[in-house]
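Colleague: I'm new to this one. Can you take me through it and tell me how the labels are earned?

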Amino acid sequence: MEERGTVSLRGFYARRAKRLLPLSAVLLATVGVLSIVIFSPLRATEISGDIVASALYVANWHFAAQSVDYFAQGLEPSPVLHLWSLAIEEQFYLVWPALMLAVTWWFRRRGRKVRPILMVTVALVFAASLVTGILLTDATPAAAYFSTFGRAWELALGALLALLGAVKLPRHGAAAIGWLGLAAIVYASLAFTATTPFPGVAALVPTLGAAALILAGSSVYAQRAGAPAWLLSLGPVRHVGRVSYSWYLWHWPFLIFAAALFGPLSVAAGLSVVAVAWVPSYASHLLIEDPVRRAGSLTRLPNRAILLGAACTAVAVSSGIAVSSLQPSFRTAAAGDVTGAAALPEQPQPQQTASAVRPNPLRARADRSRVFYDGCLVGITGTNSNRCLYGDPRGERTVILFGDSHAMQYFPPLQAIAEEHRWRLIALTKAECTPGEVKIRSMVADREYSQCDVWRETALKRIEEGDGSVTVVMSGDTAYTAYGEDGEELSGAANANALQKGYEKTLERIRAAGPDTVVIRDTPASSSDVPSCVSENLQHLQSCAFKEPQEWSREFDRRATAVVPGAHLIDLTAEICPGELCRAVIGNALVYRDKSHLTATFARTLLPWIESGLADARPG
């Protein structure tokens with residue numbers, strides 16, 4: 001910009017294309033092939049979308065959407081999850097050169113110098129993005145991790161260093177800055193844990209450390225003995241630097257595929273897998289990365305490099321589409337052929353095979369009740385339920401479904417009962433929010449779940465203000481983490497006791513207000529994804545069944561119901577796990593749509609047991 005007054009966007013993107021796209025296309029195509037071979041049809045289908053998002057460099061937004069989706073929390077990590085950072089880098093590259101051109105054009109007309117103006121501009125981008133990242137980390141840390149707006153400051157800091165250029169630091173000053181930078185990176189690597197709010201302020205530590213290391217390394221005294229640049233210039237370290245892009249691409253898929261084949265990896269096993277990943281990393285660096293990057297024809301003819309990049313993107317996108325297209329097709333059982341829990345008297349032993357099930361295992365995630373699609377499951381940030389009125393608006397009896405997504409799953413049978421008896425049915429449900437009066441941690445928001453407390457209080461007031469004949473049907477997940485009196489996260493028996501006391505408080509409060517209360521015991525949870533297993537084992541369904549968990553800590557809802565007078569328990573465990581074996585398919589109905597939520601299809605077949613429980617709670 002200083003020498004010529006402009007920059008070549010074509011040349012810039014040609015260099016980016018030949019540097020990044022050929023190797024990433026090979027990686028994505030390889031992940032597609034291995035996903036077909038190693039993973040179940042359902043998981044491979046889900047990974048196909050990850051591959052397409054990565055190929056189009058929007059993986060960070062794709063994974064950010066999953067990070068705030070409560071129902072995506074139990075899914076295994078994607079083998080291309082690590083490409084979120086490459087997506088942010090490419091998005092930054094879309095803005096950075098255009099911003100340079102626009103700012104330079106504007107201020108050069110006024111006789112200003114280029115470099116100072118650009119430094120001020122990038123500094124403003126740095127500051128705005130850093131503040132955004134800190135605020136997002138406080139509000140939604142999971143989404144903040146993948147946000148371009150909250151991460152751009154890290155790249156802007158590198159842009160500031162580039163604008164600063166070579167510096168002349170005193171020899172001892174350069175060494176001190178370099179060692180401090182290296183120490184900051186090592187400290188962040190060893191001290192940061194899953195509980196560290198990140199990115200936020202914490203991200204400044206490794207990022208400023210890297211900036212300090214670069215600043216010291218650009219000094220004319222950097223190579224003097226005692227400076228970290230000397231240490232980092234040793235042969236083995238430089239080799240890691242040369243193959244770092246290839247190793248970055250390959251190491252994470254190796255970890256995910258190894259875990260899929262051999263089970264959870266220890267730290268030592270994980271490091272061994274990363275070491276093995278060096279083999280394809282070095283080979284692809286020698287055979288693909290360097291030859292393409294240094295090809296003379298691509299340097300002389302940037303249009304050819306851009307076309308190569310477009311072709312690589314097309315190959316990568318096609319790979320993702322092919323993964324989905326090559327999955328086996330499954331017949332969806334006709335509604336009349338699905339009996340669900342009603343088939344248990346004729347199925348004393350678990351169903352072994354099925355030519356068709358309902359819902360189709362590849363679409364099981366979407367088999368949720370109408371109340372979800374009507375927007376009556378309040379999201380993580382919401383604090384108020386909509387009207388959400390079903391059945392007969394003028395019915396003499398009112399049933400209120402109250403709880404989280406584990407309560408929502410019983411809406412289909414309750415709706416059928418309400419319509420048959422001409423009752424009013426009101427849905428008060430919120431994702432990841434226990435109905436018990438206790439402060440809990442949000443897995444999605446990764447912090448104390450204050451919105452749950454506000455929503456619960458509002459919902460309970462609606463229940464208390466109701467009149468007439470009212471029955472509250474309450475249910476919820478029992479796997480929450482509660483906070484103690486001093487704000488500490490509880491575990492084990494202390495956690496179970498806190499959650500039970502919260503349930504008791506809610507039940508007592510509803511009892512004092514007058515409504516009858518029915519608690520539906522929480523659903524037994526599987527350690528693995530049930531639809532994924534069924535999608536590859538239709539002829540061996542017994543392999544997808546799991547032994548009913550016997551966990552005292554997750555039975556507090558049953559204990560709380562027994563303590564509070566007038567509360568009635570509906571326990572459907574025997575219908576889901578007859579003989580203490582939880583079945584994946586019953587009466588051609590797929591029981592679970594993930595690890596712990598029932599499909600709407602199977603939940604409908606539980607109607608007789610729920611209706612009987614409601615009758616027992618209010619005889620006559």
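Modeller: Sure, let's start with a pair of serines: the side chains of serine 532 and serine 40 are joined by a polar contact of 2.3 Å. This is a predicted model, where local features need pLDDT of at least 70, side-chain atom pairs count only at pLDDT 80 or more, and totals for chains, interfaces and linings use all residues. Residues are numbered from 1 along each chain as its sequence is written, and side-chain values use heavy atoms, with hydrogens and water left out.

Colleague: What makes serine 532 count as buried?

Modeller: Buried means under 20% relative accessible area, exposed over 50%, and partly exposed in between (1.4 Å probe, protein chains only). Serine 532 has 13% relative accessibility, so buried it is. It sits in helix 22 (residues 530-535).

Colleague: And why is tryptophan 179 called partly exposed?

Modeller: Because its relative accessibility is 38%, tryptophan 179 gets the label partly exposed. You'll find tryptophan 179 in helix 8 (residues 171-191).

Colleague: Which residues make the nonpolar surface patch?

Modeller: Trp179, Trp230, Leu231, Leu232, Leu234 and Val237 make it, over about 490 Å². Helix 10 (residues 228-232) gives the most, with 3 residues.

Colleague: Which residues of helix 19 are buried?

Modeller: In helix 19 (residues 411-421), they are Phe411, Pro412, Pro413, Leu414, Gln415, Ile417 and Ala418. After helix 19 comes arginine 422, with a positive phi near 60°.

Definitions and conventions:
Patch = residues over 30% accessible without salt bridge, like charges linked within 9 Å, V, L, I, M, F, W, Y side chains within 5 Å. Areas by Shrake-Rupley, 256 points an atom, 1.4 Å probe, with all protein chains shown as cover. Salt bridge = Lys/Arg side-chain N within 4 Å of Asp/Glu carboxyl O. Helix = DSSP H or I, 4+ residues; strand = E, 2+ residues; numbered from the N terminus. Polar contact = N/O pair within 3.5 Å; in protein donor to acceptor, adjacent residues only side chain to side chain.
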